[in-house]
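Trainee: Could you walk me through this one while I have it open on the screen?
Mentor: Gladly, let us bring it up and go through it piece by piece.

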Amino acid sequence: MDRRNFLKGASMLSLGALAACNNEKAAAPAVNVEVNNPDKYFGLQIYTLGNELYAGNLSDNLKKLRNMGIKYIELAGYDVNTNTVGGVDFTEFKKQANDAGLEIPSSHVNAPGLFSGVAGRESRDGSDGQFNRSMINKVADSFKKVAEDHAKQGIQYVVHPMMAYLNNEDDVKAFAEMLNKSGEIFKAAGIQFGYHHHNMEFARMVKGVAGFRLPTVLTPLTAADGPMIMDMLMDNTDPANVCYEMDTYWTVMGQQDPVVWLKNRASRIKLMHVKDFVVLGASGAMNFKNIFEQFYANGNKYLFVEIEDIDSGKQMARVEESMKFINSQPYVK
Ligand code: MG
């Protein structure tokens, strides 16, 4: 299965499968929520907004986010060649965010040379994201300039947002080694390196079969089918070098329960993308109460709203609706 077909298949998993993955019945979707606690500490992954963030005046748009109750943002769109974010000088971007009252604890950056493009879904070198052992050092080294630029801005976390295409168990181990070596480079710069998953990391590498297989509600896989990529990545990276950013939506799309992962890998998962089908809370399929409570219990604080469909033209409105939901939930701190 190639990456494109894989992603297409992933997007066609059923809502039934999603609901089945939650431990307990999810809370009813919020209707006509009112903001009753504007002081909650919550963030946004700016990938969500696509070009809407830059339409008109960036500074005004950042202030709009702050007025919705967002306190911090995770960057996307940093360019290593120009030291810019969304085409805006990094220092200037940070100043405008801080002036709007927004902190920047984290930034998504694909390994330069391995991926490029929004969300890193197309490879720069024409290899369709293929990764192998010969690329470990080159890719890890390419992060040195990234680490330097982010250290200058005081960013705490740099997160690699996307898996390369991995054909076999050795590819997975090599990818883990690349993450580990990259983490060492960031650690030396005073930054915690992280990895953000999608659903394919919950696939299993089946012995004797090239590529990986993702479980579906009709074709579940077990440990007997082969090791899960996510387990291999976590087990083959040093906790001091690599933490993990959970994405609630992609976890569930991988037929997994976020709460179980938060409990079993409490020391590894430090950040979270809070994602539903579109507006947070609207599907009723995500048990955010249980997820957040476990996330907080683990001692974590950074939660980022994320919404796909970034070219919809409705993203700012969707973020606003999502923040109304977040601000109305008593379990959000
Ligand atoms: Mg995400």
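What follows is a conversation about the metal site, the sheets, a helix and two loop residues.

Mentor: Before anything else, please keep in mind that this is a predicted model.

Trainee: Okay, which residues coordinate the magnesium ion?
Mentor: The magnesium ion is coordinated by His-196 through NE2, Asp-247 through OD, His-273 through ND1 and Glu-306 through OE, at 2.0 to 2.3 Å. Along the sequence these donor residues follow the spacing H-x50-D-x25-H-x32-E.

Trainee: And where do Asp-247 and His-273 sit?
Mentor: Asp-247 belongs to strand 9, residues 242-247, while His-273 belongs to strand 10, residues 269-274, and the pair, 26 residues apart, links distant parts of the chain.

Trainee: Are those two buried or exposed?
Mentor: Asp-247 is buried, and His-273 is buried as well.

Trainee: Switching to the fold, what do strands 9 and 10 form part of?
Mentor: They belong to a closed barrel of 8 strands, which runs 1-2-6-7-8-9-10-11 with parallel pairing. From one strand to the next, the twist averages 30°.

Trainee: How is strand 2 joined to strand 6?
Mentor: Strand 2, residues 70-75, runs parallel to strand 6, residues 103-108, and 3 bridges join them; Tyr-72, for instance, has Glu-103 in strand 6 as its bridge partner.

Trainee: What about helix 11, which strands does it touch?
Mentor: Helix 11, residues 288-297, packs on the sheet and touches strand 1 (42-45), strand 10 and strand 11 (302-305), with its direction making about 155° with that of strand 10.

Trainee: How many of the residues of helix 11 are buried?
Mentor: The helix is mostly covered, with 7 of its 10 residues buried, and among them are Phe-288, Ile-291, Phe-292, Phe-295 and Tyr-296, along with the polar Asn-290 and Gln-294. The cover over these buried residues includes strand 1, helix 9 (248-253), helix 10 (258-264), strand 10, strand 11 and helix 12 (315-328). Just after helix 11, Gly-299 takes a positive phi of about 90°.

Trainee: Then there's the other sheet, what order do its strands have?
Mentor: That one is an open sheet of 3 strands in the order 3-4-5, with antiparallel pairing. Its edge strands are strand 3 (78-79) and strand 5 (88-89), each of which pairs on one side only. Strand 3 is joined to strand 4, residues 84-85, by 2 bridges, and the bridge partner of Asp-79 in strand 4 is Thr-84.

Trainee: Now the loops: why does Thr-237 count as buried?
Mentor: Thr-237, in the loop between helix 8 (229-235) and strand 9, counts as buried because its relative accessibility is 5%, and the cut-off for that label is under 20%.

Trainee: What does the side chain of Thr-237 reach?
Mentor: The side chain reaches the backbone oxygen of Leu-233 at 2.7 Å, and one of its polar atoms lies 3.4 Å from the backbone oxygen of Met-234. Leaving aside neighbours within four places in sequence, Thr-237 is also in contact with Ala-176, Leu-179, Asn-180, Val-242, Tyr-244 and Arg-268.

Trainee: Last one, where does Pro-215 lie?
Mentor: Pro-215 lies in the loop between strand 8 (192-196) and helix 8, and it is buried, with a relative accessible area of 8%. Not counting residues up to four places away in sequence, Pro-215 touches Phe-202, Ala-203, Pro-220, Leu-221, Gly-254 and Gln-255. Between Pro-215 and Met-253 there are 9.4 Å in space, C-alpha to C-alpha, although the two are 38 residues apart in sequence.

Notes:
Residues numbered from 1 in each chain as written. Predicted model: local features only at pLDDT ≥ 70, side-chain atom pairs only at ≥ 80, totals over all residues. Heavy atoms only, no water. Donors = N, O, S within 2.8 Å, 3.2 Å for Na, K, Ca; no water. Helix = DSSP H or I, 4+ residues; strand = E, 2+ residues; numbered from the N terminus. Buried < 20%, exposed > 50% of the residue type's maximum accessible area, 1.4 Å probe, protein only. Polar contact = N/O pair within 3.5 Å; in protein donor to acceptor, adjacent residues only side chain to side chain. Contact = heavy atoms within 4.5 Å. Pairing = 2+ DSSP bridges. Axes fitted to C-alpha atoms, helices over the stretch in contact; angles between N-to-C directions.
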